[in-house]
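Please look over the structure below before reading on. The report starts with the whole chain and then turns to single residues.

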Amino acid sequence: MIQADLLVVHAGELLTLAGGPQGGEGPRTGEALGELGLIRDGAVAIADGLVAAVGLSADLLGTVRAAQTADARGRVVLPGFVDPHTHLLFAGSRADEFEMRLRGATYLEIAAAGGGILHTVTQTRALSERALVDLGAARLTRMLAHGTTTVEAKSGYGLATEEELKLLRALHRLSSVHHVDVVPTFLGAHAVPAEFAADPDGYVALVIEEMLPAVAEEDLAEFCDVFCEETAFSGAQSRAILEAGAEYGLLPKIHADELSDRGGARLAAEVGAVSADHLLFAADDGLRAMAKAGVIAVLLPGTAFFLGLPYAPARRMIDLGVPVALATDFNPGSSPTYSMQMAVALGCLGLRLSPAEAIAAATINAAWAIGMAEEVGSLEPGKVADLVILDATDHRALGMHFGVNLVDEVYKRGRLVYSNRTGSVEG
């Protein structure tokens, strides 16, 4: 008899996301992306915050002795969403830029008018670490209410050594005090700050020679990211930063080919990046290189939707064998959404993924994209018991009902932390 703290039973569709290629030793590619590990009338047993057993309700009811039982009543149960690309910490609003964009202003025109990343940097620098933690906590609570239980979060709105460290320290504090787990990424190379406008190479040197050693000394980040784009950092500059970050133990990530084909996808493959993100304009040669190198494509359909850009060629990526993940790209200027459900819906409507593919991209593949697949992203014995119960009986509802929060309950490490019935996050 299995002893458990909680037994969730009678899930109409239990999406385990278990297994996958090579017995689960790697992200899903090709046809495997659509495999949900679906169990009808399924059950999950949880002990000490971990999944203890998964199977048919009839089987687990006979083999599990639980302190508490939760009846899913025929609804969909799935792993908590993993959001592998967010810009969680920033100050201020860019609503004025939104109005400009509606009137037809381009990215460059908005930046020339004093908007964009650098405007947010000015406002963010003015906040204390404590104020940033308070802002971040409120945002994480909104994400949790939409079913997200793990997020990757980047710095990048400091663009000075102490300011970047402040952001990363705030992310660590958030991860220790909030239900949502936060995986920090150093993005000192988000943009060239105003004080280095005439000397971008000087800023690259600052990132490499001062910021990276300081981040590594305090062990503040898991990844090093860079925005490789005509308006940000060149391929050579990006390579130098990512290779320097790797020397300090920070795994490479890259904002690649978002606004134009700058060879970012190929660069990601050449430096052994964990992921290349955006890829709206990535060319086939770069995508083939990513597939060969096992680089995950983190696709951000909310950004394409918000900016009116073409969607990334997701079906082409899948055909080429590139592993695909989904993320919100939560940020103030190009994708201000908290909802991974919206990313799933846009993954279906814009990227032409099936609902099953989009769900896998938002859970297990997203976990691989941030080095967390051994802990989260699927419901398997030994993994963390992060799960969501939807107010729906068919998983395809996530692709259909865009802009609607279908979450009924969220469990983090086997404990109920959000209930739509009370509209509150538990302590």
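What follows is a short tour from overall form to local detail.

**The whole protein**

This is a predicted model. The protein has 16 helices and 17 strands. Its C-alpha trace spans about 70 × 45 × 45 Å along the principal axes. The radius of gyration is 21 Å. A compact globule of 427 residues would have a value near 22 Å, so the protein agrees with that expectation.

Buried residues make up 58% of the 427 residues. Contacts often link distant parts of the sequence: among those with a separation of 6 or more, 72% join residues 24 or more positions apart.

The protein exposes about 15,700 Å². Carbon and sulfur atoms supply 52% of that area. The protein carries 31 positive and 54 negative charges. The mean positions of these two sets are 5 Å apart.

**The nonpolar cores**

The largest nonpolar core holds 118 residues. Which of its residues touch the most other members? They are Leu279 and Leu299. Helix α7, residues 200-218, gives the most to this core, with eight residues. A second, separate core has 15 residues, including Leu14, Ala70, Ala72 and Ile389.

Leu279 deserves a closer look. Neighbours within four places in sequence are left aside here. Beyond them, Leu279 is in contact with Ala256, Asp257, Ala265, Met290, Ala297, Leu299, Ala312, Pro313 and Met317. That list includes Leu299, named above with Leu279 for touching the most other core members. It also includes Asp257, the next stop.

**Two residues with positive phi**

Asp257 lies in the loop between β10 (251-256) and α9 (264-270). Its phi is near 50 degrees, a positive value in a residue other than glycine. Arg413 is found in the loop between β15 (407-412) and β16 (415-419). Phi of Arg413 is also near 50 degrees, again positive in a residue other than glycine.

Is Asp257 buried or exposed? Asp257 has 1% relative accessibility, and buried means under 20%, so Asp257 counts as buried. Arg413 has 41% relative accessibility. That value falls between the 20% and 50% limits, so Arg413 counts as partly exposed.

**A strand residue and a helix residue**

Ala66 lies in strand β4, residues 64-71. At 25% relative accessibility, Ala66 counts as partly exposed. Which residues does Ala66 touch, not counting those up to four places away in sequence? They are Ala4, Leu6 and Leu7. Ala66 and Ala4 are 62 residues apart in sequence. In space, their C-alpha atoms are 4.5 Å apart.

Met400 has its place in helix α16, residues 397-400. Its relative accessible area is 58%, and exposed means over 50%, so Met400 is exposed. Met400 and Met342 are 58 residues apart along the chain. Their C-alpha atoms are separated by 10.0 Å.

**Accessibility at a glance**

The table collects the four residues discussed above.

| Residue | Relative accessibility | Class |
|---|---|---|
| Asp257 | 1% | buried |
| Ala66 | 25% | partly exposed |
| Arg413 | 41% | partly exposed |
| Met400 | 58% | exposed |

Asp257 ties two parts of this report together. Asp257 has a positive phi, and Leu279 of the largest nonpolar core is in contact with Asp257.

Technical notes:
Residues are numbered from 1 along each chain as its sequence is written. This is a predicted model: local features need pLDDT of at least 70, side-chain atom pairs count only at pLDDT 80 or more; totals for chains, interfaces and linings use all residues. Side-chain values use heavy atoms; hydrogens and water are left out. Helices (H or I, at least four residues) and strands (E, at least two) are DSSP runs, numbered from the N terminus. The radius of gyration is taken over C-alpha atoms; the globule rule is 2.2 Å times the number of residues to the power 0.38. Buried means under 20% relative accessible area, exposed over 50%, partly exposed in between (1.4 Å probe, protein chains only). Contact means heavy atoms within 4.5 Å. Accessible areas come from the Shrake-Rupley method with a 1.4 Å probe; for residues, only the protein chains shown count as cover. Lys and Arg count as positive and Asp and Glu as negative; His and the chain ends are not counted. The place of a charge is taken as NZ of Lys, CZ of Arg, CG of Asp or CD of Glu. A nonpolar core is a set of buried Ala, Val, Leu, Ile, Met, Phe, Trp, Tyr and Cys residues joined through side-chain atoms within 4.5 Å.
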